[in-house]
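User: Please take a close look at one helix in this model. I would like its surroundings described and then placed in the context of the whole chain.

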Amino acid sequence: MRAVVATGYGPPDQFILAEVPIPEPGPGQLQVRVAAAALNPADLALPRGDLRSMIDLPFPHVLGNDFAGTVTALGDGVTEFAAGDEVFGHAVPRVMRSMAGSDRPSLGTGTLAEYVVIEAGTPFVARRPAELPVADAAALGTSGLTARAVAITAAVAPGETVLVVGATGGMGTVLIPLLRAAKATVVATGRPGDAELLRELGATEVVGYGDYPEGVDVAVNFAVPGTSLAPIAAALRPGGRLYTVTFPPPRPEWIGRDDVSYQLILDTNATLGTMSDVAADGLRPVIAARYPLEEGVRAYIDLATGHTVGKRVITTITS
Ligand SMILES: NC(=O)c1ccc[n+]([C@@H]2O[C@H](COP(=O)([O-])OP(=O)(O)OC[C@H]3O[C@@H](n4cnc5c(N)ncnc54)[C@H](OP(=O)(O)O)[C@@H]3O)[C@@H](O)[C@H]2O)c1
């Protein structure tokens, strides 16, 4: 089968479209023919070598965590799904097993490929509702789970003001409509050309990167590393709440004040929501660009070097 792979550590311009063996499902696993796969910035971390001191990445490494497709084969003992089921979800590389949690970790062989093998019994794979298009379903893997987890945790009250930093990205563009539905006032970061989209999604005000207002009730960070949170924390009113999804996990000295709360939120926390919850809530992504599998390397180069608005999705994967 064809897949977008890294053949060694390096940036995305070293990825290639390659022929690799079709993965076969083991006990408790599903084989899925991938119809669409979405790119995430986290996909680039392993081949870049960010975790090299902890993880010995086997090559070729097939890129991609998020997918939508059709179940084509079942390993022994799978009862949750049947061949022909339309499914979607999020599965991290198998080498991340130890970091994916012991409680039903969702592991896969890489989704920018004609086929992926995933664990069947995890909260992060679900049946795709007929009304959810395949590209949208793929785009909602990481972004939908994380945005939903942030919305549930923040529990924003009507009338609260929420600053969203990184509002233009995959997670931000899913979260803003959830905040609007909660009747929050949303201040979103973006470039001037993003303002119209952000307002359509539900932002009340669009501000430049780092140009934060004062006295907000809640701040959400989807963009800056944990070490750079102080300016965002400074935008909070006393007693305000900061929610962040980036690493390293926040430390008091990086927040710089002790009259606000702060919390790191992870996508793979099933108590904050499953893939079925994402579908049931009717979440929708913004898809900024669609590519055929043949252009998967270019899609990753665009992700690494271009301005990101919503999701980049590989939508024409056929075997
Ligand atoms: N906690 C978890 O479970 C979890 C899981 C997966 C990923 N993550 C992390 O979550 C973060 C967000 O993910 P995502 O998929 O939404 O990423 P994304 O699609 O790349 O979105 C990030 C957005 O932030 C913008 N941005 C960059 N620097 C900014 C700044 N200084 N101020 C305001 N906006 C800025 C980017 O625009 P430009 O194009 O201008 O850079 C982009 O639109 C990533 O760091 C990702 O690695 C967390």
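Analyst: The helix chosen is H4, and the model is a predicted one. Of the 12 residues of H4, 10 are buried, so the helix is largely enclosed by the rest of the structure. The buried set runs through Gly 170, Met 171, Gly 172, Thr 173, Val 174, Leu 175, Ile 176, Pro 177, Leu 178 and Leu 179.

The packing partners of these buried residues include both helices and strands: H3 and helix H5 (195–201), together with strand E11 (161–165), strand E12 (185–189), strand E14 (216–221) and strand E18 (311–316). After H4 comes Lys 183, which has a positive phi, near 65 degrees.

H4 also takes part in the ligand site. Helix H4 (170–181) supplies at least two residues of the shell around the ligand, and helix H3 (141–154) likewise supplies at least two. The shell holds 25 residues, of which Gly 166, Thr 168, Gly 169, Gly 170 and Met 171 come nearest to the ligand. Gly 170 and Met 171 are also among the buried residues of H4. By class, the shell has 11 nonpolar, 13 polar and one charged residues.

The domain assignment gives the wider setting. Domain 1 covers 2–140 + 285–316, and domain 2 covers 144–264. Their centres, taken over C-alpha atoms, are 27 Å apart. Contact between the two involves 11 residues from domain 1 and 10 residues from domain 2. On the domain 1 side, the touching residues are five nonpolar, five polar and one charged. The shell around the ligand draws on both domains, with at least three residues from each.

Two places elsewhere in the chain can be set beside the helix. One is strand E6 (residues 86–90): four of its five residues are buried, so this strand too is largely enclosed by the rest of the structure. Strand E5 (residues 66–74) runs antiparallel to E6 and is joined to it by five bridges. Strand E10 (residues 125–127) is also antiparallel to E6, with three bridges between them. Phe 88 in E6 is the bridge partner of Ala 68, and Phe 88 also stands opposite Ala 126 in E10.

The other is Phe 15, in the loop between strand E1 (2–6) and strand E2 (16–19). Phe 15 has 25 other C-beta atoms within 10 Å, and it is buried because the cut-off is 20 or more. Leaving aside neighbours within four places in sequence, the contacts of Phe 15 are Val 4, Val 5, Ala 6, Leu 63, Val 297 and Tyr 300. Val 297 lies 282 residues away along the chain, yet its C-alpha atom is 6.0 Å from that of Phe 15.

For the chain as a whole, there are nine helices and 18 strands. The radius of gyration is 19 Å, close to the 20 Å that the globule rule gives for 319 residues, so the chain is as compact as a globular protein of that length. Its C-alpha trace spans about 55 × 40 × 40 Å along the principal axes. Of the 319 residues, 50% count as buried. Among contacts between residues at least 6 apart in sequence, 66% join residues at least 24 apart.

How values were computed: Residues numbered from 1 in each chain as written. Predicted model: local features only at pLDDT ≥ 70, side-chain atom pairs only at ≥ 80, totals over all residues. Domains from an automatic or database assignment. Contact = placed C-beta atoms within 7 Å. Nonpolar A, V, L, I, M, F, W, Y, C, P; charged D, E, K, R; others polar. Near = placed C-beta within 6 Å. Rg over C-alpha atoms; globule rule 2.2 N^0.38 Å. Pairing = 2+ DSSP bridges.
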